Amino acid sequence: MELVIGTKRWSTWSLRPWLALKHTGAPFTETLIALREVETSTAEIRKHSPSGLVPALKDAGVVIVDSLAICEYLAERFPGLWPADPVDRALARAAASEMHSGYGALRRECPMELGLRTVQPMSPEVEKDVRRIVALWLGLLDRSGGPFLLGGWSIADAFFTPVASRFESYGLDLKICGDDGRAQAYSEALLQTPEYLAWLADA
Ligand SMILES: N[C@@H](CCC(=O)N[C@@H](CS)C(=O)NCC(=O)O)C(=O)O
(Lines give C-alpha, C1' and ligand atoms only; values in the text may rest on other atoms or scores of the structure.)
Protein backbone atom coordinates (compact mmCIF):
# COMPACT_ATOMS: atom_id res chain seq x y z
CA MET A 1 0.00 0.00 0.00
CA GLU A 2 1.15 3.50 -0.79
CA LEU A 3 -0.41 6.52 0.88
CA VAL A 4 0.12 9.81 -0.91
CA ILE A 5 -0.08 12.72 1.51
CA GLY A 6 0.56 16.45 1.65
CA THR A 7 2.83 18.53 3.89
CA LYS A 8 2.41 17.15 7.39
CA ARG A 9 2.24 20.55 9.06
CA TRP A 10 -0.90 21.55 7.19
CA SER A 11 -2.62 18.58 5.62
CA THR A 12 -5.42 17.66 7.98
CA TRP A 13 -7.02 15.48 5.32
CA SER A 14 -3.82 13.45 4.98
CA LEU A 15 -3.44 13.05 8.72
CA ARG A 16 -6.72 11.15 9.16
CA PRO A 17 -6.09 8.08 6.95
CA TRP A 18 -2.40 8.14 7.88
CA LEU A 19 -3.39 7.69 11.55
CA ALA A 20 -5.81 4.90 10.64
CA LEU A 21 -3.24 3.08 8.54
CA LYS A 22 -0.56 3.51 11.18
CA HIS A 23 -3.02 2.16 13.72
CA THR A 24 -3.37 -1.10 11.77
CA GLY A 25 0.37 -1.76 12.06
CA ALA A 26 0.42 -2.80 8.38
CA PRO A 27 3.51 -1.81 6.38
CA PHE A 28 2.95 1.00 3.89
CA THR A 29 4.97 3.43 1.89
CA GLU A 30 4.39 7.13 2.18
CA THR A 31 4.73 9.58 -0.68
CA LEU A 32 4.93 13.13 0.55
CA ILE A 33 3.98 16.04 -1.69
CA ALA A 34 4.89 19.58 -0.73
CA LEU A 35 1.70 21.65 -0.71
CA ARG A 36 1.45 25.38 -1.38
CA GLU A 37 4.39 25.27 -3.82
CA VAL A 38 2.69 27.27 -6.53
CA GLU A 39 4.91 25.93 -9.31
CA THR A 40 4.82 22.24 -8.52
CA SER A 41 2.11 21.12 -6.06
CA THR A 42 -0.78 20.68 -8.47
CA ALA A 43 1.29 18.83 -11.08
CA GLU A 44 2.88 16.60 -8.45
CA ILE A 45 -0.48 15.71 -6.89
CA ARG A 46 -1.97 14.95 -10.31
CA LYS A 47 0.82 12.45 -11.00
CA HIS A 48 -0.67 10.35 -8.19
CA SER A 49 -4.24 11.44 -7.62
CA PRO A 50 -6.86 11.81 -10.37
CA SER A 51 -8.91 14.17 -8.17
CA GLY A 52 -5.97 16.54 -7.87
CA LEU A 53 -6.21 16.26 -4.09
CA VAL A 54 -4.37 14.39 -1.37
CA PRO A 55 -4.65 12.00 0.37
CA ALA A 56 -4.79 9.15 -2.11
CA LEU A 57 -4.24 5.46 -1.39
CA LYS A 58 -2.75 3.16 -4.00
CA ASP A 59 -3.63 -0.48 -3.50
CA ALA A 60 -4.85 -3.46 -5.50
CA GLY A 61 -4.03 -1.66 -8.76
CA VAL A 62 -6.33 1.30 -8.11
CA VAL A 63 -6.15 4.75 -6.54
CA ILE A 64 -8.66 5.54 -3.80
CA VAL A 65 -9.17 9.22 -3.06
CA ASP A 66 -10.87 11.07 -0.21
CA SER A 67 -9.87 10.66 3.42
CA LEU A 68 -13.17 9.10 4.51
CA ALA A 69 -13.31 6.68 1.58
CA ILE A 70 -9.72 5.64 2.29
CA CYS A 71 -10.55 5.04 5.96
CA GLU A 72 -13.60 2.98 4.97
CA TYR A 73 -11.43 0.89 2.67
CA LEU A 74 -8.86 0.36 5.43
CA ALA A 75 -11.66 -0.68 7.79
CA GLU A 76 -12.74 -3.31 5.25
CA ARG A 77 -9.21 -4.62 5.05
CA PHE A 78 -8.22 -4.49 8.73
CA PRO A 79 -10.40 -5.27 11.75
CA GLY A 80 -10.92 -2.84 14.60
CA LEU A 81 -10.93 0.56 12.94
CA TRP A 82 -14.66 0.99 13.56
CA PRO A 83 -16.42 -0.20 16.76
CA ALA A 84 -17.73 -3.78 16.63
CA ASP A 85 -21.22 -2.91 17.90
CA PRO A 86 -23.48 -1.74 15.04
CA VAL A 87 -25.01 1.15 17.00
CA ASP A 88 -21.61 2.34 18.20
CA ARG A 89 -20.34 1.96 14.65
CA ALA A 90 -23.18 4.11 13.32
CA LEU A 91 -22.43 6.78 15.91
CA ALA A 92 -18.72 6.68 15.06
CA ARG A 93 -19.50 7.01 11.36
CA ALA A 94 -21.91 9.87 12.04
CA ALA A 95 -19.27 11.72 14.07
CA ALA A 96 -16.58 11.23 11.40
CA SER A 97 -19.02 12.27 8.66
CA GLU A 98 -20.07 15.36 10.58
CA MET A 99 -16.45 16.37 10.80
CA HIS A 100 -15.80 15.48 7.17
CA SER A 101 -18.58 17.71 5.89
CA GLY A 102 -18.90 20.39 8.55
CA TYR A 103 -17.31 22.92 10.90
CA GLY A 104 -16.54 25.31 8.04
CA ALA A 105 -15.81 28.29 10.28
CA LEU A 106 -13.34 26.38 12.45
CA ARG A 107 -11.59 25.05 9.37
CA ARG A 108 -11.45 28.43 7.66
CA GLU A 109 -10.48 30.57 10.63
CA CYS A 110 -8.21 28.12 12.45
CA PRO A 111 -6.28 26.15 9.81
CA MET A 112 -4.06 23.36 11.10
CA GLU A 113 -0.51 24.58 11.57
CA LEU A 114 1.45 22.12 13.70
CA GLY A 115 3.74 23.86 16.13
CA LEU A 116 1.72 27.10 16.14
CA ARG A 117 0.75 28.36 19.61
CA THR A 118 -1.37 31.45 19.89
CA VAL A 119 -4.51 32.63 21.61
CA GLN A 120 -7.20 33.62 19.17
CA PRO A 121 -10.57 34.94 20.32
CA MET A 122 -13.37 32.88 18.82
CA SER A 123 -15.65 34.46 16.29
CA PRO A 124 -19.36 33.68 16.87
CA GLU A 125 -19.21 31.22 13.96
CA VAL A 126 -16.19 29.38 15.37
CA GLU A 127 -17.79 29.34 18.81
CA LYS A 128 -20.89 27.72 17.30
CA ASP A 129 -18.75 24.99 15.71
CA VAL A 130 -16.80 24.43 18.94
CA ARG A 131 -19.98 24.25 21.01
CA ARG A 132 -21.33 21.57 18.72
CA ILE A 133 -18.05 19.61 18.83
CA VAL A 134 -17.94 19.76 22.64
CA ALA A 135 -21.58 18.60 22.89
CA LEU A 136 -20.95 15.77 20.42
CA TRP A 137 -17.82 14.64 22.25
CA LEU A 138 -19.44 14.77 25.71
CA GLY A 139 -22.47 12.83 24.50
CA LEU A 140 -20.31 10.08 23.04
CA LEU A 141 -17.93 9.99 26.01
CA ASP A 142 -20.95 9.73 28.35
CA ARG A 143 -22.16 6.74 26.41
CA SER A 144 -18.82 4.97 26.00
CA GLY A 145 -17.05 5.94 29.21
CA GLY A 146 -13.99 6.87 27.07
CA PRO A 147 -11.10 7.13 26.80
CA PHE A 148 -11.90 7.67 23.10
CA LEU A 149 -15.24 8.69 21.61
CA LEU A 150 -16.62 5.18 21.30
CA GLY A 151 -14.39 3.61 23.96
CA GLY A 152 -11.49 2.17 21.98
CA TRP A 153 -9.71 4.28 19.35
CA SER A 154 -11.59 4.40 16.04
CA ILE A 155 -11.67 6.29 12.77
CA ALA A 156 -13.91 8.86 14.50
CA ASP A 157 -10.92 9.75 16.70
CA ALA A 158 -8.69 10.01 13.63
CA PHE A 159 -11.11 12.56 12.20
CA PHE A 160 -11.06 14.66 15.34
CA THR A 161 -7.29 14.62 15.83
CA PRO A 162 -6.75 17.62 13.52
CA VAL A 163 -9.53 19.39 15.43
CA ALA A 164 -7.64 18.77 18.68
CA SER A 165 -4.53 20.20 17.05
CA ARG A 166 -6.46 23.35 16.10
CA PHE A 167 -7.82 23.68 19.65
CA GLU A 168 -4.25 23.52 20.95
CA SER A 169 -2.73 25.83 18.34
CA TYR A 170 -5.30 28.58 18.74
CA GLY A 171 -5.77 28.21 22.51
CA LEU A 172 -9.53 27.75 22.12
CA ASP A 173 -11.30 27.71 25.47
CA LEU A 174 -13.61 24.69 25.52
CA LYS A 175 -15.01 25.62 28.95
CA ILE A 176 -16.91 28.60 27.54
CA CYS A 177 -18.34 26.23 24.95
CA GLY A 178 -19.95 23.90 27.48
CA ASP A 179 -17.02 21.67 28.45
CA ASP A 180 -16.84 20.23 31.94
CA GLY A 181 -13.18 19.27 31.45
CA ARG A 182 -13.70 15.96 29.71
CA ALA A 183 -13.66 17.37 26.17
CA GLN A 184 -10.39 19.14 26.93
CA ALA A 185 -8.92 15.94 28.40
CA TYR A 186 -10.04 13.93 25.37
CA SER A 187 -8.59 16.56 23.02
CA GLU A 188 -5.25 16.37 24.81
CA ALA A 189 -5.36 12.55 24.76
CA LEU A 190 -5.74 12.59 20.97
CA LEU A 191 -2.48 14.53 20.76
CA GLN A 192 -0.67 11.94 22.90
CA THR A 193 -1.38 8.81 20.86
CA PRO A 194 1.82 7.16 19.56
CA GLU A 195 0.51 7.45 16.00
CA TYR A 196 -0.05 11.21 16.23
CA LEU A 197 3.32 11.71 17.96
CA ALA A 198 4.98 9.82 15.10
CA TRP A 199 3.31 12.15 12.56
CA LEU A 200 4.30 15.21 14.60
CA ALA A 201 7.91 14.08 14.90
CA ASP A 202 8.18 14.04 11.13
CA ALA A 203 6.27 17.28 10.44
N1 LIG B 1 -12.51 15.77 0.82
C2 LIG B 1 -11.11 15.54 0.54
C3 LIG B 1 -10.35 16.84 0.68
C4 LIG B 1 -8.88 16.72 0.28
C5 LIG B 1 -8.18 18.07 0.19
O6 LIG B 1 -8.80 19.16 0.16
N7 LIG B 1 -6.84 18.03 0.14
C8 LIG B 1 -6.02 19.22 0.02
C9 LIG B 1 -4.82 19.18 0.96
S10 LIG B 1 -5.23 18.98 2.67
C11 LIG B 1 -5.38 19.27 -1.35
O12 LIG B 1 -5.00 18.25 -1.90
N13 LIG B 1 -5.23 20.48 -1.92
C14 LIG B 1 -4.60 20.66 -3.18
C15 LIG B 1 -3.43 21.57 -3.11
O16 LIG B 1 -3.06 22.01 -2.00
O17 LIG B 1 -2.82 21.83 -4.16
C18 LIG B 1 -10.60 14.44 1.47
O19 LIG B 1 -11.27 14.17 2.48
O20 LIG B 1 -9.58 13.79 1.19
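**Ligand contacts and sheet architecture**

In this predicted model, a polar side-chain atom of Ser-67 lies 2.6 Å from an oxygen atom of the ligand.

Q: What percentage of the area that the ligand exposes when taken alone does the protein bury?
A: Besides the Ser-67 contact, a nitrogen atom of the ligand is 3.1 Å from an N or O atom in the side chain of Asp-66. A ligand nitrogen atom also has a backbone N or O atom of Val-54 at 2.8 Å. Taken alone, the ligand exposes 510 Å². The share of this area buried by the protein is 73%.

Q: How many residues of the shell around the ligand are nonpolar?
A: The residues around the ligand include Trp-13, Leu-35, Ile-45 and Pro-55. In the shell, three residues are polar and one is charged. The number of nonpolar residues is six.

Q: Which strands stand at the edges of the sheet, and why is one side of each left without a neighbour?
A: The sheet is open, with four strands in the order 2-1-3-4 and mixed pairing. Each edge strand has a single partner strand, so one of its sides has no neighbour in the sheet. The edge strands are strand 2 (29–33) and strand 4 (62–65).

Q: Which residue in strand 3 does Glu-2 stand opposite?
A: Strand 1 (residues 2–6) pairs with strand 3 (residues 56–59) in the antiparallel sense, over three bridges. Opposite Glu-2, in strand 3, stands Lys-58.

Q: At about what angle does helix 2 run to strand 2?
A: Helix 2 (residues 41–48) lies across strand 1, strand 2, strand 3 and strand 4. Its angle to strand 2 is about 155°.

Methods
Residues numbered from 1 in each chain as written. Predicted model: local features only at pLDDT ≥ 70, side-chain atom pairs only at ≥ 80, totals over all residues. Heavy atoms only, no water. Pairing = 2+ DSSP bridges. Helix = DSSP H or I, 4+ residues; strand = E, 2+ residues; numbered from the N terminus. Contact = heavy atoms within 4.5 Å. Axes fitted to C-alpha atoms, helices over the stretch in contact; angles between N-to-C directions. Near = heavy atom within 4 Å. Polar contact = N/O pair within 3.5 Å; in protein donor to acceptor, adjacent residues only side chain to side chain. Areas by Shrake-Rupley, 256 points an atom, 1.4 Å probe, with all protein chains shown as cover. Nonpolar A, V, L, I, M, F, W, Y, C, P; charged D, E, K, R; others polar.
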